[in-house]
Amino acid sequence: MIRNATPADMDAIAALHIASWRGAYVGLLSDDYLGQPVVDDLRAKWVGVDLPAGDVLLVSETDGDVDGFIYVICDRDPAYIDNLHVAPVRKRSGIGEALMRAAATRLIAIGHTSAMLTVITNNAPAVAFYDKIGGIRGPVQDEKLYGEPVQTYPVTWDDLQALSAGKV
């Protein structure tokens, strides 16, 4: 089930985000950062924070547990998909695609026609997933992720209708 996140979900979102990064970003971010600093940074991002009213935060829930989430910042064009994470034990189960489609539907409803995100270039499973669902990769760019140097691809969806309908 995909639904709007509530304040009661924020601890679960933070825990899922931490687990996702600790699984997916080994070798991409420093081991030191993936220790306590990632916990501190990501709990500060989610727990006790009021997100902007116009943004989209959806969760996937199975048997009462949050097993995925997507957060989209909507005050820009294209809308910026800031986070998409699925519980490590639920990856490749369709949750990520369902969250992307639900977010696309929501973005269309509030007037957006396109969305984008950035993905670490060496995160091969994520890059392949975004390719599979119709994302268009841009050129490699250098960024800092919580102070950690990374190379990323910008990935854009110019047709949210197609993404929403699963026609990509």
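Contact is taken here to mean heavy atoms within 4.5 Å. The structure is a predicted model, in which local features need pLDDT of at least 70 and side-chain atom pairs count only at pLDDT 80 or more, while totals for chains, interfaces and linings use all residues. Residues are numbered from 1 along each chain as its sequence is written, and side-chain values use heavy atoms, with hydrogens and water left out.

A good place to start is the overall fold. Five helices and eight strands make up the secondary structure of the chain; helices (H or I, at least four residues) and strands (E, at least two) are DSSP runs, numbered from the N terminus. Read from that end, the elements follow the order β-α-α-β-β-β-α-β-α-β-β-β-α. The radius of gyration of the chain is 15 Å, which agrees with the value near 15 Å for a compact globule of 168 residues; the radius is taken over C-alpha atoms, and the globule rule is 2.2 Å times the number of residues to the power 0.38. Along the principal axes, the C-alpha atoms fill a box of roughly 40 × 40 × 30 Å. Of the contacts between residues at least 6 apart in sequence, 62% join residues at least 24 apart.

Surface and charge complete this overview. The chain exposes about 8400 Å², and carbon and sulfur atoms supply 51% of that area; accessible areas come from the Shrake-Rupley method with a 1.4 Å probe, and for residues only the protein chains shown count as cover. Some 45% of the 168 residues count as buried, where buried means under 20% relative accessible area, exposed means over 50%, and partly exposed lies in between (1.4 Å probe, protein chains only). There are 14 positive and 22 negative side chains, and the centres of the two sets lie 5 Å apart. Lys and Arg count as positive and Asp and Glu as negative, with His and the chain ends not counted; each charge is placed at NZ of Lys, CZ of Arg, CG of Asp or CD of Glu.

Turning to single residues, W46 lies in helix 2, which spans residues 36–46. W46 counts as buried because its relative accessibility is 0%. Beyond its neighbours within four places in sequence, W46 is in contact with M10, I13, A14, H17, L51, L57, F69, Y71 and N83. With H17 there is also a polar contact of 2.8 Å, side chain to side chain; a polar contact is a pair of N or O atoms within 3.5 Å, where, within protein, one must be able to donate a hydrogen and the other to accept it, and residues adjacent in sequence count only if both atoms are side-chain atoms. L28, although 18 residues from W46 in sequence, is 22 Å away in space, C-alpha to C-alpha.

The same L28 provides a second viewpoint, from I120 in strand 5. I120 and L28 are 92 residues apart in sequence, and their C-alpha atoms are 8.1 Å apart. Setting aside residues up to four places away in sequence, I120 touches Y25, L28, V127, L145, V150, Q151 and T152. With a relative accessible area of 7%, I120 is buried.

Near the N terminus, R3 belongs to strand 1 (residues 2–4). The side chains of R3 and D9 are joined by a polar contact of 2.7 Å. D9 is also among the contacts of R3 outside its neighbours within four places in sequence, together with L57, L58, V59, E61 and V66.

The loop between helix 3 (95–109) and strand 5 (115–120) holds G111, and H112 is placed in the loop between helix 3 and strand 5 as well. G111 counts as exposed at 60% relative accessibility, whereas H112, at 11%, counts as buried. A polar atom of the H112 side chain lies 3.1 Å from the backbone oxygen of C74. Not counting residues up to four places away, H112 touches C74, R76, D77, A79, L107 and L160.

The backbone also deserves a look. Most residues other than glycine have a negative phi, and most peptide bonds are trans. D77 and P78 are joined by a cis peptide bond, with omega about 5°. D63 has a positive phi of about 50° and counts as exposed at 77% relative accessibility. Y146 has a phi near 50° and is partly exposed at 36%.
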